[in-house]
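Good morning, everyone. Please take a moment to look at the sequence and the model, which I will now put on the screen.

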Amino acid sequence: MNMNNSFVVPETVTTLKGEVKTVVELGPNLFDFSPYREIILPKTVRKINWCFYSCRYLLDIFVHPENQHFKDIDGVLFTKDAAELVAFPNARTGEYFIPEGTECISHFAFKTSHITTLHIPASVKEIGINAFYDCRLSDIYLDGRNNLDDI
């Protein structure tokens with residue numbers, strides 16, 4: 001861990017046998033209970049498997065701009081086309097507005113999140129299983145819609 005409490009995921013790692021491997025996938029629970037406030041993903045990552053959900057200090061997830069599969073919008077992890085919100089940093093508090101154009105909220109995307117108010121735009125058509133599991137939400141607003149029939 002460096003002094004500013006960030007972790008930069010490397011593009012490559014060297015195995016015990018001395019082989020250099022490209023980091024293309026982040027496995028489940030990889031960052032569980034980590035002390036990091038910020039995690040920075042390399043351009044090589046193309047698959048993420050629920051690795052941020054017990055990061056109680058995490059405020060931002062940043063992605064290298066040349067990554068072809070993911071991007072961040074103000075420190076929140078999305079697919080490159082911004083159609084899917086993949087992961088929301090757990091330690092953020094207050095209110096969050098999901099960007100218009102987002103179509104899907106991933107499974108467990110807000111798991112253990114500390115935000116209290118969430119605005120979901122009319123563009124969201126799918127909410128994944130346990131998207132809000134164990135989070136602190138007290139208010140959810142369905143901006144631009146009258147009911148849940150469209151989700």
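I begin with the largest nonpolar core of this predicted model, which has 19 residues. The residues with the most contacts inside this core are Leu26, Phe31, Ile39, Leu41, Ile48, Phe52 and Leu77. Two or more residues each come from strand 5 (38-41), strand 7 (60-63) and strand 10 (84-87). In soluble globular proteins, nonpolar side chains tend to be buried together. Leu26 may serve as an example of the packing. Residues up to four places away in sequence set aside, Leu26 touches Val9, Phe31, Leu41, Val45, Lys47, Ile48, Asn49 and Cys51. Apart from the largest core lies another core, of 16 residues, and among them are Ile105, Leu118, Ile120 and Leu137.

Let me turn to strand 5. Which of its side chains are buried, and which are not? The side chains alternate along this strand: Ile39 and Leu41 point to one face and are buried, whereas Glu38 and Ile40 point to the other face and are not.

Strand 5 also belongs to an open sheet of 3 strands, in the order 1-5-7, with parallel pairing. Strand 1 and strand 7 are the edge strands, each pairing on one side only. On average, neighbouring strands of this sheet are turned by 15° against each other, direction ignored. Strand 1 (residues 6-8) pairs with strand 5 in the parallel sense over 3 bridges, and here Phe7 stands opposite Ile39. Strand 5 and strand 7 run parallel and are joined by 4 bridges. In that pairing, Ile39 stands opposite Ile61, and Leu41 stands opposite Val63.

There is a further open sheet of 3 strands, in the order 11-13-15, again with parallel pairing. Its edge strands are strand 11 (93-97) and strand 15 (139-142), each of which pairs on one side only. Neighbouring strands of this sheet are turned by 15° against each other on average, direction ignored. Strand 11 is joined to strand 13 (residues 114-120) by 5 bridges, and the two run parallel. Within strand 13, Thr117 is the bridge partner of Glu95.

I come now to the aromatic residues, for which the count is 8 aromatic pairs. Trp50 and Phe108 form one that is edge-to-face, with 4.9 Å centre to centre and 70° between the planes. This pair links distant parts of the chain, 58 residues apart: Trp50 is in the loop between strand 6 (47-48) and strand 7, and Phe108 is in the loop between strand 12 (104-105) and strand 13. Are these two residues buried or exposed? Trp50 is partly exposed, with a relative accessible area of 42%, while Phe108 counts as buried, at 15% relative accessibility.

Phe108 also forms an aromatic pair with Tyr53, and this pair is tilted: 6.3 Å centre to centre and 45° between the planes. Tyr53 lies in the loop between strand 6 and strand 7 and Phe108 in the loop between strand 12 and strand 13, so this pair ties together parts that are 55 residues apart in sequence. Tyr53 is buried, and so is Phe108. Elsewhere, ring pairs link Phe7, Phe31, Tyr36 and Phe52 into a cluster.

Another aromatic residue, Phe78, lies in strand 9 (residues 76-79). Phe78 is buried, with a relative accessible area of 0%. Its contacts, leaving aside neighbours within four places in sequence, are Phe70, Lys71, Ile73, Glu84, Leu85, Val86, Tyr96, Pro99 and Thr102.

A brief word on a polar residue. Ser34 lies in the loop between strand 4 (25-26) and strand 5. Ser34 is buried, with a relative accessible area of 8%. Not counting residues up to four places away in sequence, Ser34 touches Ser54, Cys55 and Tyr57.

I close with the cysteines. How many disulfides does the structure hold? The structure holds 0 disulfides. For Cys51, the nearest cysteine sulfur is that of Cys55, 7.3 Å away; a disulfide would require the two sulfur atoms to lie within 2.5 Å. Cys51 counts as buried, at 0% relative accessibility. Cys135 is likewise in no disulfide, and the nearest cysteine sulfur, again that of Cys55, is 16 Å away. Cys135 is buried, with a relative accessible area of 18%.

How values were computed:
Residues are numbered from 1 along each chain as its sequence is written. This is a predicted model: local features need pLDDT of at least 70, side-chain atom pairs count only at pLDDT 80 or more; totals for chains, interfaces and linings use all residues. Side-chain values use heavy atoms; hydrogens and water are left out. Two strands pair if DSSP finds at least two bridges between them. Axes are lines fitted to C-alpha atoms, for helices over the stretch in contact, and angles run from 0 to 180 degrees between N-to-C directions. Buried means under 20% relative accessible area, exposed over 50%, partly exposed in between (1.4 Å probe, protein chains only). A nonpolar core is a set of buried Ala, Val, Leu, Ile, Met, Phe, Trp, Tyr and Cys residues joined through side-chain atoms within 4.5 Å. Contact means heavy atoms within 4.5 Å. Rings of Phe, Tyr and Trp (its six-membered ring) pair if their centres lie within 6.5 Å; planes under 30 degrees apart count as stacked, over 60 as edge-to-face and the rest as tilted.
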